[in-house]
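The following note sets out points for a colleague who has the coordinates open. Each point may be checked against the display.

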Amino acid sequence: MLLLAIESSCDETAAAVVKDGRTVLSNIIASQISVHADYGGVVPEIASRKHLEMISVVIEEALQAAGVSFADIEGIAVTQGPGLAGALLVGISTAKALAYALGIPITGVNHIEAHLLAIYLERSVEFPFVALAVSGGHTHLYLVEAVGRYRTLGQTIDDAAGEAFDKVAKLLGFSYPGGAHIDRLADRGNPGAIRFPRPLMHDKSYNFSFSGLKTSVLNYLKKNPHAIEGDFLEDLCASFQAAVCDVLTGKVAAIVATTGVKRVVVAGGVACNSGLRREMARLADQEGLELHIPSPLLCSDNAAMIAVPGDYYLKNSIISGFDFDALPVWPLDSIAERLTSGS
Ligand code: KG4
Ligand code: ZN
């Protein structure tokens, strides 16, 4: 089945053509990063307007790059949520109009579910697996039993990991989103230079908390204003990144120990982080885990990943029809209802 997939939940307008939910023929991403950079975060209304400008452009490009035309497309998968309501509506309206005009089925996809399954665009992974979803809005641990069957085991009680990276980056004067910038500087720094706290690292839950860590960095900067320069800055970035990665890796280790599930997928924009990739690989070596992290392009927001659950749902006749709405909040645990309700 040849799918057109559309993603517009946040600040990337994206379209992809994917065959059978596995083979990426094209994956076009128009990033709005430069538009929001000066505001220190994504401005929802500006995001919606930019999606409106770019959506037809990326779809056209995705078809061209794949060497196909609208007539070849057999189904449409579009991000239905979670995300910014106005931003989601642009993708959904476009997808509905295309599906209607072409007379093909459409299915709404959960963005986080797509992050968790993006790895299938590169290789097959058996169920069950433990999944760590780390992005700008999510830091969740799931037990994934099958497509559509997700159990939340833990989540952040305040900031998401990506949000913590971006907020600390902002304190250091970097433009939004600064996660990748911290990663680059951290690479040259000493992760043991400053001992930042590891929040909730040893409590019994699988929850996370990153807002206190950001405050620790702020307090450190107040006491050590020179830390914003040169080698000090690299050490600070490396030390902050080490604290985040320790907590993320530590909770994955704890879940693996309790559930006995030794297969782990790490997904979402923060899965691009080289420190996290390294630490997870170290844990996998140490504990004999089967570790899967998609290539960076498939970790951050893209449309090809939307086609993975999209293909599954369409092939299983879970079709959304034309009356579905955007779901700005859409917990993954509730997805299983789709499998029984068929929409
Ligand atoms: O999944 P994603 O592209 O969008 C959301 O669904 O949120 O994740 C974006 C987040 C941002 O917070 C960004 O700073 C972070 O991922 N990020 C990184 C890196 N690359 C992207 N954080 C740390 N290190 C990176 N290399
Ligand atoms: Zn995302």
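In what order do the five strands of the open sheet that includes S8 and S10 stand, and what is the pairing? The points below begin with that sheet; please note throughout that this is a predicted model.

1. The strand order is S8-S7-S6-S9-S10, and the pairing in this open sheet is mixed. Its edges are formed by S8 and by strand S10 (290–292), each of which pairs on one side only. Direction ignored, neighbouring strands of this sheet are turned by 25 degrees against each other on average.

2. Helix H8 packs on this sheet and touches S6, S7, S8 and strand S9 (263–267). The direction of H8 makes about 160 degrees with that of S6. H8 covers residues 230–259, 30 residues in total, and spans 44 Å from its first C-alpha to its last, close to the 44 Å expected at 1.5 Å a residue. After H8 comes Gly-260, which has a positive phi near 75 degrees.

3. Strand S6 (residues 129–134) pairs with S7 in the antiparallel sense over six bridges. The two strands form a hairpin, with four residues between them. Two pairs of residues help to fix the register: Val-130 stands opposite Leu-143 in S7, and Phe-129 has Val-144 of S7 as its bridge partner.

4. On its other pairing, S7 is joined to strand S8 (residues 149–155) by six bridges, and these strands run antiparallel. His-140 has Gln-155 in S8 as its bridge partner. The hairpin of S7 and S8 has two residues between the strands, and Gly-148 there takes a positive phi near 90 degrees.

5. Why is strand S7 described as largely enclosed by the rest of the structure? Of the eight residues of S7 (residues 139–146), six are buried, so the strand is largely enclosed. The criterion for buried is under 20% relative accessible area.

6. A second open sheet should be considered separately. It has five strands in the order S3-S2-S1-S4-S5, again with mixed pairing. Strand S3 (23–31) and strand S5 (106–110) are at the edges with a single partner strand each, so one side of each has no neighbour in the sheet. From one strand to the next, the twist averages 20 degrees.

7. Within that sheet, strand S1 (residues 2–7) and strand S2 (residues 12–19) are antiparallel and pair over six bridges. Leu-4 has Val-17 in S2 as its bridge partner.

8. Which helices lie across S1, S4 and S5? Helix H3 (residues 85–102) lies across S1, strand S4 (75–81) and S5, and runs at about 160 degrees to S4. Helix H11 (residues 304–315) lies across S1, S2, S3, S4 and S5, at about 130 degrees to S1.

9. The surroundings of ligand 1 also merit inspection. There are 19 residues around ligand 1, of which Gly-136, Asp-166, Asp-183, Gly-269 and Asn-273 come nearest. Asp-183 has an N or O atom in its side chain at 2.9 Å from a nitrogen atom of ligand 1.

10. Two further distances involve oxygen atoms of ligand 1. A polar side-chain atom of His-111 is 3.3 Å from an oxygen atom of the ligand. For Gly-179, a polar backbone atom lies 3.3 Å from an oxygen atom of ligand 1.

Key:
Residues numbered from 1 in each chain as written. Chains lettered and ligands numbered in written order. Predicted model: local features only at pLDDT ≥ 70, side-chain atom pairs only at ≥ 80, totals over all residues. Heavy atoms only, no water. Expected span 1.5 Å × (residues − 1). Pairing = 2+ DSSP bridges. Axes fitted to C-alpha atoms, helices over the stretch in contact; angles between N-to-C directions. Contact = heavy atoms within 4.5 Å. Buried < 20%, exposed > 50% of the residue type's maximum accessible area, 1.4 Å probe, protein only. Near = heavy atom within 4 Å. Polar contact = N/O pair within 3.5 Å; in protein donor to acceptor, adjacent residues only side chain to side chain.
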